[in-house]
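Student: Please take me closely through one buried position and its surroundings, and then show how the aromatic residues, the nonpolar cores and the largest pocket are built around it. I should like every term to come with its cut-offs.

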Amino acid sequence: MAASSGILGLPSMQRIALIGITGRAGSRIADELLARGHRVTGIARDTAGVPPRDGLTTVSADATRREAIAPLLAGHDAVVSAARFDGGPDADTLLAAVRQAGVPRLLVVGGAGSLEVAPGVALIDTPGFPDAYRAEAGAGRAFLDALRDRDDVNWTFVSPGAVFEPGARTGAFRIGGDALLVDVAGNSAVSMEDYALAFVDEIERPRHPRARFSVAY
C-alpha cells in the first residue's frame, strides 16, 4: 500500500521493512527513517543488540530464505535491503519474497564497484581495485544486473561514492547516475549519514524507478 502525500505536501508516514538493520549503512538508514516519523521493521539474523526505539520493531530472521522473509515483508510500503551481497539474499530470492509479500517497492543499498569510471569500464575492473572488496563488489554488480533483467518489481539501486564511511550529516551531496562521481580533486566519497539522507529522500519522493543512481560529494 503506497503512502499518500501528507499535510501541505509533506510525505506521510510509511511502513518500511529494512533488511540488514544491524549493519553500518542499514542502521543509519533506520535512524533517518525514524527521525522523519516513519515506522520501521528492522530485520537481521540477530537483532538482539538493536536498542528499542519508538516506531521500530525488530525481527530476527534469515533473509536468504524466501519462505522465512516474505511473511515479514507483507503490509509494508517498501522494502529496503542493506544486506551484504556476498552472503546475503541474492536478487532472485529477494525479488520473489517482495512479490509474494505484495510490497510495491524495493530499494537496495548498492556499492561503488559497478559504477563506470569511463564508458563501459567499471571501477571494479580497473587496475588496483582492492582485492579485499572484489568479492562483495562483484556480487553487487551481479545483483544489479539481475534487477535490470526484471520488470515485475519497482526497484531502485543506490550506489555511494568509492569511500563510504561514517561521518557527518551535511546535506551537501550530489546525485548522479551510472558514472562514479568525483570531486575537483578526483576523490569519490560520501558519508553514510548523507547517503542515508539521500536514500530516504528517494523513499519519500521516488525519482528513480527501475534504475540505479549514485550519491557522492
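Tutor: Pro160 has a relative accessible area of 3% and is therefore buried, a term that stands for under 20% relative accessible area, with exposed for over 50% and partly exposed for the range in between (1.4 Å probe, protein chains only). The model is a predicted one, in which local features need pLDDT of at least 70 and side-chain atom pairs count only at pLDDT 80 or more, while totals for chains, interfaces and linings use all residues. Residues are numbered from 1 along each chain as its sequence is written, and side-chain values use heavy atoms, with hydrogens and water left out.

Pro160 belongs to strand E8; helices (H or I, at least four residues) and strands (E, at least two) are DSSP runs numbered from the N terminus. Leaving out residues up to four places away in sequence, Pro160 touches Gly110, Gly111, Ala112, Leu115, Val190, Tyr195 and Val215, where contact means heavy atoms within 4.5 Å. Between Pro160 and Met192 the C-alpha to C-alpha distance is 8.5 Å, although 32 residues separate them in sequence.

One of the contacts of Pro160, Tyr195, leads to the aromatic residues. Four aromatic pairs are found in the whole structure; rings of Phe, Tyr and Trp (its six-membered ring) pair if their centres lie within 6.5 Å, and planes under 30 degrees apart count as stacked, over 60 as edge-to-face and the rest as tilted. Phe85 and Phe157 form a stacked pair, because their ring centres are 5.9 Å apart and their planes meet at 20°. Phe157 is in strand E8 (residues 154-160), whereas Phe85 is in the loop between strand E4 (78-81) and helix H3 (91-101), so the pair ties together parts 72 residues apart in sequence. Both rings belong to buried residues: Phe85 has 12% relative accessibility and Phe157 has 1%. The rings of Tyr195 and Phe199, with centres 5.8 Å apart and planes at 45°, make a tilted pair. Tyr195 and Phe199 lie four residues apart in helix H5 (residues 192-204), about one turn of the helix. An α-helix has 3.6 residues a turn, so residues three or four places apart point the same way. Tyr195 is buried at 0% relative accessibility, and Phe199 is buried at 0% as well. Ring pairs also join Phe143 to Phe85 and Phe157 in a cluster.

Tyr195 and Phe199 reappear in the largest nonpolar core. Among its 29 residues, they and Leu18, Ile29, Leu33 and Val80 touch the most other members; such a core is a set of buried Ala, Val, Leu, Ile, Met, Phe, Trp, Tyr and Cys residues joined through side-chain atoms within 4.5 Å. Two or more residues of this core come from each of strand E1 (15-19), helix H1 (24-35), strand E2 (39-44), E4, strand E5 (105-109), H5 and strand E12 (211-216). H5 provides the largest share, seven residues. Beyond four places in sequence, the contacts of Leu18 include Ile29, Leu33, Val40, Ile43 and Val80. A second, separate core has 27 residues, among them Ile43, Leu106, Val108 and Phe143. In soluble globular proteins, nonpolar side chains tend to be buried together.

Gly110 and Gly111, both contacts of Pro160, lead on to the largest pocket. Together with Arg84, Glu136 and Phe164, they are the closest to its centre of the 47 lining residues. The largest pocket holds about 1,100 Å³ of space, a volume being the space filled by probe spheres set on grid points joined across faces, edges and corners. On a 1 Å grid over the protein atoms alone, a pocket is an open set of points where a 1.4 Å probe fits, with protein on both sides within 12 Å along at least five of seven lines, and lining residues have an atom within 4 Å of a point. At least two lining residues come from each of H1, E2, helix H4 (134-148), E8 and strand E9 (163-165), and H4 contributes the most, with four. The lining comprises 25 nonpolar, 15 polar and seven charged residues; Ala, Val, Leu, Ile, Met, Phe, Trp, Tyr, Cys and Pro count as nonpolar, Asp, Glu, Lys and Arg as charged, and the others, Gly among them, as polar.
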